[in-house]
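Hi there,

Here is the structure I promised to pass on to you. Have a look at it first, and then read on for what turned up.

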Amino acid sequence: DVFQPVLSIGNPIDSDYFIARKEGPRKETVTLVTCALLTPRKQVEKIILLISLLRGSGVDCQLKIIGPESDVNYTNELKIQIENLGLVQSVEFLGRLNKAQIINCYAQSDIGLFFSKEETFGLVPLEMLASGLPILATKVGVLAEEEGYFSTVGVTFINVNDSVDMLSKAEGLLANRKKVDVTALREKYAVNNIVEKYENLYLELLGDA
């Protein structure tokens, strides 16, 4: 069976995330955002480290963390890390937000961050991209499967175990922010297009029956 043809169809991006992003003048303070369950596999501690590195290099930045405290011990470790690094005024935990609140937060942010260690698919970074946010991300889930494609639409991949790489990639993106190719993303992952792929597959299977 492993020699049978396989067609992979991705998860669709909710159409509400495809908003027209308004490009205003750049703000003094750069806002970075991440959205994840607060568990170790999401590697939020690496994101907090990046904020510390950026501020240490002279970048005025702040971090918004969206997501429920799924692992209380891990969340407490993050808060201790934030305090030890002197980032209490620069990092904000927003907790669980509804879709409209998440979209609004993305609209007010400059860069998305997604440092997860493992994903079956990984829809969050796609939703960030759909809202027009260029992102720094690990090679995980669908981002790893289609690394070349996502590199062209707005993703900068980084090695979160290399602080030099993290800082240089982040500074590079801040200096020359990628414009997200929302049109290409919509063509590939909009609900209607995903449904059409399923319909075509079913028709093909019926034809072979």
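Ile-65 has Phe-93 as its bridge partner in S3. Bear in mind that this is a predicted model. The two strands concerned, S2 (residues 61-66) and S3 (residues 91-95), run parallel and are joined by four bridges. To get from S2 to S3, the chain passes through helix H2 (residues 72-84), and this β-α-β crossover is right-handed.

S2 is also joined to S1 (residues 30-35), here by six bridges, and this pair is parallel as well. There, Cys-35 stands opposite Ile-66 of S2.

Stepping back to the whole sheet: six strands make it up, in the order S3-S2-S1-S4-S5-S6, with parallel pairing in an open arrangement. S3 sits at one edge and S6 (155-157) at the other, each pairing on one side only. On average, neighbouring strands are turned by 25° against each other, with direction ignored.

Which strands does helix H1 lie across? H1 (residues 44-56) lies across S1, S2, S4 (111-114) and S5 (135-137), and runs at about 165° to S2. Helix H7 (residues 163-175) packs on the sheet too, where it touches S1, S4, S5 and S6. The direction of H7 makes about 165° with that of S5.

You may also like the second largest pocket, which has a volume of about 180 Å³. Its lining consists of 14 residues, and those nearest the centre are Cys-35, Ala-36, Leu-37, Gly-67 and Pro-68. Cys-35 is thus a residue you will already know from its place opposite Ile-66. By class, nine of the lining residues are nonpolar, one is polar and four are charged.

Last, a helix pair further along the chain. H8 (residues 182-189) and H9 (residues 191-208) pack at an angle of about 35°, and their axes are 5 Å apart. On the H8 side, Arg-186, Glu-187, Lys-188 and Tyr-189 take part, meeting Val-191, Asn-193, Ile-194 and Lys-197 of H9. This contact is made up of three nonpolar, one polar and four charged residues.

Happy to talk it over whenever suits you.

Best wishes

Definitions and conventions:
Residues are numbered from 1 along each chain as its sequence is written. This is a predicted model: local features need pLDDT of at least 70, side-chain atom pairs count only at pLDDT 80 or more; totals for chains, interfaces and linings use all residues. Side-chain values use heavy atoms; hydrogens and water are left out. Two strands pair if DSSP finds at least two bridges between them. A crossover is right-handed if, with the strands pointing away from the viewer, the path from the first strand over the helix to the second runs clockwise. Axes are lines fitted to C-alpha atoms, for helices over the stretch in contact, and angles run from 0 to 180 degrees between N-to-C directions. Contact means heavy atoms within 4.5 Å. On a 1 Å grid over the protein atoms alone, a cavity is a set of points where a 1.4 Å probe fits but cannot get out, and a pocket is an open set with protein on both sides within 12 Å along at least five of seven lines; lining residues have an atom within 4 Å of a point. Grid points are joined across faces, edges and corners, and a volume is the space filled by probe spheres set on the points. Ala, Val, Leu, Ile, Met, Phe, Trp, Tyr, Cys and Pro count as nonpolar, Asp, Glu, Lys and Arg as charged, and the others, Gly among them, as polar.
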